[in-house]
Amino acid sequence: MTKTKLSPIIAGTMNWGVWDKNLSTSEMAHSIHLCAENGISTFDHADIYGGYTTEAAFGKAFQESKTAREKVQFISKCGIQHTQGRDNSIKHYDYSKKYIIWSVENSLKNLKTDYLDVLLLHRPSPLMVADEIAEAVTQLKAERKIIDFGVSNFTTSQTELIQQKTTVNYNQIQFSATHHKIMLDGSLDYMQMHNIRPMSWNPLGSVFREDNEQTRRLKKLLVQLVEKYSVGSDTILLAWILKHPSKVIPVAGTVNSARIQALDKAINLDLDPLDWFAIWSESMGEKVP
């Protein structure tokens with residue numbers, strides 16, 4: 001099956017709602033417009049965001065924005081049963097056929113759309129049954145409620161388990177200049193071998209969130225690279241991800257207008273390989289293996 005065409009950078013909505021920015025309907029509609037105007041047509045959701053409230057808030061804003069549905073793509077994830085926002089005594093995972101189908105239909109209702117461009121299983125569960133997941137995916141595709149399917153935070157073996165029963169086209173994983181072990185554990189190699197497109201959540205890593213030896217080394221190098229390339233540090237960090245041959249799609253959660261407008265620079269910035277390796281070396285605190 002031909003994969004859904006997603007934008008080179010995806011807008012992550014996790015922090016748009018009550019978990020962080022708490023954008024009003026009009027502010028969210030403005031962010032939708034701003035992303036679309038700057039080539040970011042894909043929006044990443046999960047049912048649990050905002051304690052199961054952000055999808056509905058986005059759906060209302062999307063209606064207000066008057067954006068044509070065929071010009072954007074919606075990703076959503078399911079499987080996590082949280083205690084926040086639902087009557088669950090303990091956080092757990094549910095990948096039963098009945099729950100997957102119900103969850104997708106609930107996301108469609110909240111997002112005010114007839115279909116998801118991509119459905120992802122949010123996190124792997126020890127109790128997931130590949131055959132049951134495949135049955136749900138097959139039914140949802142047949143009913144045109146989802147167009148494409150993938151996983152999120154799955155290891156190579158967990159992905160292969162599902163892949164044996166139904167086609168997996170995406171895996172949304174943690175990958176950044178500060179979280180790069182996935183380059184060496186075979187995960188990105190497996191994705192390239194099986195034509196699975198990686199998405200990267202938290203693509204800037206901990207560079208701007210933590211103050212430690214690793215981030216201080218990277219910030220020192222980034223000062224030099226900012227001067228060399230005449231772009232911001234965040235642009236360079238995104239370009240570092242984009243240079244990997246697995247064709248990773250970063251999920252950027254910013255709602256800052258200037259940063260959204262600058263995201264396109266990362267797509268067009270071709271880092272010198274020596275600078276790419278310098279970033280990796282400084283992150284590790286040692287020469288490359």
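Student: Is F58 buried or exposed?
Tutor: F58 is buried in this predicted model. Its relative accessible area is 0%.

Student: Which residue forms an aromatic pair with F58, once the count is in? And how many aromatic pairs are there?
Tutor: The count comes to 13 aromatic pairs. In one of them, F58 meets F74 edge-to-face. The ring centres are 5.5 Å apart, with 85° between the planes.

Student: Where do the two sit in the chain?
Tutor: F58 is in helix α3, residues 54-65. F74 is in strand β3, residues 73-78. They are 16 residues apart, so the pair links distant parts of the chain.

Student: And F74, buried or exposed?
Tutor: F74 is buried, with a relative accessible area of 0%.

Student: Which residues form the aromatic cluster?
Tutor: W16, F43, F58, F62 and F74 form one cluster.

Student: What sits over the ring of F74?
Tutor: The charged end of R69 does, 4.2 Å from the ring centre. R69 also lies over the face of Y115, at 4.0 Å from that ring's centre.

Student: New topic. Where does I9 lie?
Tutor: I9 is in the segment before β1, which spans 10-12.

Student: Why does I9 count as buried?
Tutor: Because its relative accessibility is 1%, and the cut-off for buried is under 20%.

Student: What does I9 touch, leaving out residues up to four places away in sequence?
Tutor: I40, L238, I249, P250, A252, L263 and I267.

Student: How many residues apart are I9 and C35 in sequence, and what is the C-alpha to C-alpha distance?
Tutor: They are 26 residues apart in sequence. In space, C-alpha to C-alpha, I9 and C35 are 9.9 Å apart.

Terms used
Residues are numbered from 1 along each chain as its sequence is written. This is a predicted model: local features need pLDDT of at least 70, side-chain atom pairs count only at pLDDT 80 or more; totals for chains, interfaces and linings use all residues. Side-chain values use heavy atoms; hydrogens and water are left out. Helices (H or I, at least four residues) and strands (E, at least two) are DSSP runs, numbered from the N terminus. Buried means under 20% relative accessible area, exposed over 50%, partly exposed in between (1.4 Å probe, protein chains only). Contact means heavy atoms within 4.5 Å. Rings of Phe, Tyr and Trp (its six-membered ring) pair if their centres lie within 6.5 Å; planes under 30 degrees apart count as stacked, over 60 as edge-to-face and the rest as tilted. A charge sits over a ring if NZ of Lys or CZ of Arg is within 6 Å of the ring centre and within 35 degrees of the ring normal.
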